[in-house]
Structures are given as C-alpha cells and as structure tokens.
Amino acid sequence: MRTEQQALRASLVALLVLSGLGISFGLWSGSSAIIFDGVFSLVDAVMSVVSIVVSGLIIRSTANRLPDRVQRRFTMGFWHFEPIVLAVNALLMMSVAAYALTESVAALLSGGRDVEFGPAVAYAAIVLVLTMTIGILEHRANRSIGSALVAIDVKGWLMAGGVTGALLVAFGVGFLIDGTRFDHLMPYVDPAILAIVATVLIPVPIATLRKAVGEIALVTPAALQNDAETIASDTVRDEGFRSASVHVSQTGRARQVEIVFYVPTGWPARPLEDWDRIRGKIEQRLGEDPHDWIMISFTTTPERHRAQRTES
C-alpha cells in the first residue's frame with residue numbers, strides 16, 4: 001500500500017469480506033452483536049467506495065487528467081468533497097452505533113437473546129486478528145501517504161477491532177458459563193456487550209466530525225493564520241508596503257491562502273519579475289504543495305472593508 005488509492009482499495013476488499021463473514025456468522029449464531037459488527041463493516045465499505053472516488057478525482061484534477069468538460073465545471077478542484085465525506089462517514093458510524101444501543105437495550109428489557117457461543121467465539125477470534133492486522137498495516141502505510149481519508153479508514157479498522165475484541169471476551173464468558181449455575185444469564189450476554197460497545201463507539205468519531213464540519217464552514221485554522229500573518233508582516237517590512245490583509249482556510253488537504261498587500265501610492269513602476277520574486281518567496285515560505293491555492297495581490301486602493309491587517 002504505497003498510495004492512497006491502493007490503501008483504500010485494499011481496505012475495501014477486506015471490509016466486504018469481513019462484512020459477509022459478520023452477517024453470515026451473526027445469522028448462524030443468533031448474535032445481534034455479530035450482525036452489528038458485519039453491518040458496521042458494510043457501512044465502512046460503502047464509505048470506502050466514496051473515499052476512493054473522491055481521492056481519484058482530487059488526484060486527477062491536480063494532475064490535469066480529467067476530461068475538459070469536468071475540469072471546466074469544477075475549476076476550483078474537488079478538495080471540498082473530502083471533509084464532506086469525512087463528516088458523512090463519522091455521522092454514519094455514530095448513527096449505526098446509536099441504533100445498536102437502542103436495539104440492545106430493548107433486548108435486555110425483553111429477556112435477552114439465545115446465542116450459540118461456539119461459532120461466535122470462533123468468529124470473534126478470527127476477525128480480531130484480521131482487523132487489527134489490517135488496521136496496523138494501513139496505519140504504517142499512512143505515515144508516508146499522509147491522507148485524511150486513509151486516517152479515518154484506519155480509525156474505522158481500530159474501532160472494528162475494539163468491537164470484535166469486546167465480543168470475543170463476552171462470547172468467551174458466555175461459553176464458559178454454559179451449564180453452570182450462571183447459565184440463566186446467558187441470554188443477556190449478547191445484548192449487554194452490544195450495549196457497552198455501542199456506548200463506547202458513539203463518541204469516537206466526534207473529533208473527526210468536528211474537524212470536517214469546521215473545514216466545510218471554512219473556519220480559519222489558527223496555525224496557518226499565524227504563519228501567513230508572520231510571512232505577510234515580514235514582507236511588509238522588507239518591501240516597504242503600507243500593510244497587508246490575510247485570509248486563510250483549509251478544506252481537506254488543500255490550504256487556501258489569500259494575501260493582499262497595500263502599496264504606497266506614487267511608487268515608481270517596477271518590472272513584473274520583481275512582483276513575481278515577492279510571490280515566489282512567499283509561496284516558498286508557506287511550503288509549496290500541489291493542493292494549495294495561494295493568491296497574492298498588490299494594490300494601492302485603501303482598505304474599504306474590515307480585514308485582518310498586518311502592519312509593518
């Protein structure tokens with residue numbers, strides 16, 4: 001898994017396999033917790049398909065490899081889809097977990113469920129090894145890839161591993177108490193562990209959801225704002241400009257930076273190469289990235305609106 005696309009596709013195949021196993025074993029053993037595990041993987045697989053499509057659009061758009069008709073309709077690129085995908089993914093994870101919690105509570109109140117713990121234990125042991133292995137491998141691959149889409153996918157794998165680990169413990173307990181004086185508790189094991197797992201999983205995607213919503217709303221990233229203002233301030237001082245206004249945002253992997261420099265009136269004409277030199281120096285300090293959208297302009301027009309200003 002050397003690229004974002006390879007990582008997401010490998011994850012998709014694994015998710016489809018595990019989803020099929022979960023739903024099949026869940027129906028066989030009568031365990032709603034295992035069915036939930038399979039459905040959770042299926043939801044993750046659907047979002048992986050969406051992530052693969054969005055990732056491909058971003059990569060091809062950056063490399064100008066999209067059809068002209070598509071490129072002309074999305075001249076600003078496809079970066080804005082990335083936080084939308086992350087937000088939808090997080091909401092789906094939370095919704096599935098919330099539904100599972102509701103169902104488990106209803107089962108507990110109605111007397112629990114009868115479960116065949118032998119097949120359930122075998123399923124949980126196999127899937128735990130697979131999910132943790134895939135999650136760790138994908139996490140290591142993302143150290144060099146650096147993709148937010150892969151990162152949320154890794155989080156999904158680790159969440160699935162946590163769910164399966166809890167199921168293994170619970171099913172093991174249920175298997176051991178079969179035939180003992182505690183066997184009257186067996187019907188409650190499956191819904192009880194499902195309720196615990198769902199309660200733990202509901203808040204896990206909140207951080208991802210908060211970040212994605214912030215990017216959709218174009219909330220200004222403090223670190224990027226500080227960097228851009230520092231660079232603008234240094235440029236104002238070095239070049240003798242009056243001031244500068246800085247506006248930044250981040251959408252997915254793309255940073256948008258706009259800096260307007262206010263130049264004193266009456267200055268003698270300067271060659272375009274000189275202005276390009278200033279732009280190049282600023283872009284170099286910001287860190288050139290093919291996904292960035294950096295606009296640097298110069299004007300003698302006084303500021304007519306409230307703006308974040310950087311004085312010399």
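Is Val-46 buried, partly exposed or exposed? In this predicted model, Val-46 counts as partly exposed, because its relative accessibility is 46%. The legends below start from this residue.

**View 1. Nonpolar surface patch with Val-46.** Leu-16, Leu-42, Val-46 and Val-50 make a nonpolar patch of about 310 Å² on the surface. Helix α2, which spans residues 32-62, gives the patch its largest share, 3 residues. Val-46 is found in this helix. With 46% relative accessibility, Val-46 falls in the partly exposed class.

**View 2. Lining of the largest pocket.** The volume of the largest pocket is about 170 Å³. Its lining consists of Ser-32, Ile-35, Phe-36, Val-39, Val-96, Tyr-99, Ala-100, Glu-103, Arg-113 and Leu-194. Helices α2 and α4 (81-109) each supply at least two of the lining residues. Sorted by class, the lining holds 7 nonpolar, 1 polar and 2 charged residues. Helix α2 thus appears in this view and also in the view of the nonpolar patch.

**View 3. Salt bridge within helix α9.** The count for the model comes to 11 salt bridges. In one of them, the side chains of Arg-237 and Asp-234 meet at 3.2 Å, N to O. Both residues belong to helix α9 (residues 222-239), where they are 3 residues apart, about one turn of the helix. Asp-234 is buried, because its relative accessible area is 16%, under the 20% limit.

**View 4. Salt bridge between Lys-281 and Asp-238.** The side chains of Lys-281 and Asp-238 form a salt bridge at 4.0 Å, N to O. Lys-281 is in helix α10 (residues 272-286) and Asp-238 is in helix α9, so the pair ties together parts that are 43 residues apart in sequence. Both partners are partly exposed: Lys-281 has a relative accessibility of 43%, and Asp-238 has a relative accessible area of 45%.

**View 5. Salt bridge between Arg-277 and Glu-239.** Arg-277 forms a salt bridge with Glu-239, and their closest N and O atoms are 3.4 Å apart. Since Arg-277 lies in helix α10 and Glu-239 in helix α9, this pair ties together parts 38 residues apart in sequence. Arg-277 counts as partly exposed at 40% relative accessibility, whereas Glu-239 counts as buried at 17%.

**View 6. Salt-bridge network.** Asp-234, Arg-237, Asp-238, Lys-281 and Arg-285 are joined into one network by salt bridges that share partners. Among the links shown in the earlier views are Arg-237 with Asp-234 and Lys-281 with Asp-238.

How values were computed. Residues are numbered from 1 along each chain as its sequence is written. This is a predicted model: local features need pLDDT of at least 70, side-chain atom pairs count only at pLDDT 80 or more; totals for chains, interfaces and linings use all residues. Side-chain values use heavy atoms; hydrogens and water are left out. Patches are made of residues with over 30% relative accessible area and no salt bridge: like charges are joined within 9 Å, nonpolar side chains (Val, Leu, Ile, Met, Phe, Trp, Tyr) within 5 Å. Accessible areas come from the Shrake-Rupley method with a 1.4 Å probe; for residues, only the protein chains shown count as cover. Helices (H or I, at least four residues) and strands (E, at least two) are DSSP runs, numbered from the N terminus. Buried means under 20% relative accessible area, exposed over 50%, partly exposed in between (1.4 Å probe, protein chains only). On a 1 Å grid over the protein atoms alone, a cavity is a set of points where a 1.4 Å probe fits but cannot get out, and a pocket is an open set with protein on both sides within 12 Å along at least five of seven lines; lining residues have an atom within 4 Å of a point. Grid points are joined across faces, edges and corners, and a volume is the space filled by probe spheres set on the points. Ala, Val, Leu, Ile, Met, Phe, Trp, Tyr, Cys and Pro count as nonpolar, Asp, Glu, Lys and Arg as charged, and the others, Gly among them, as polar.
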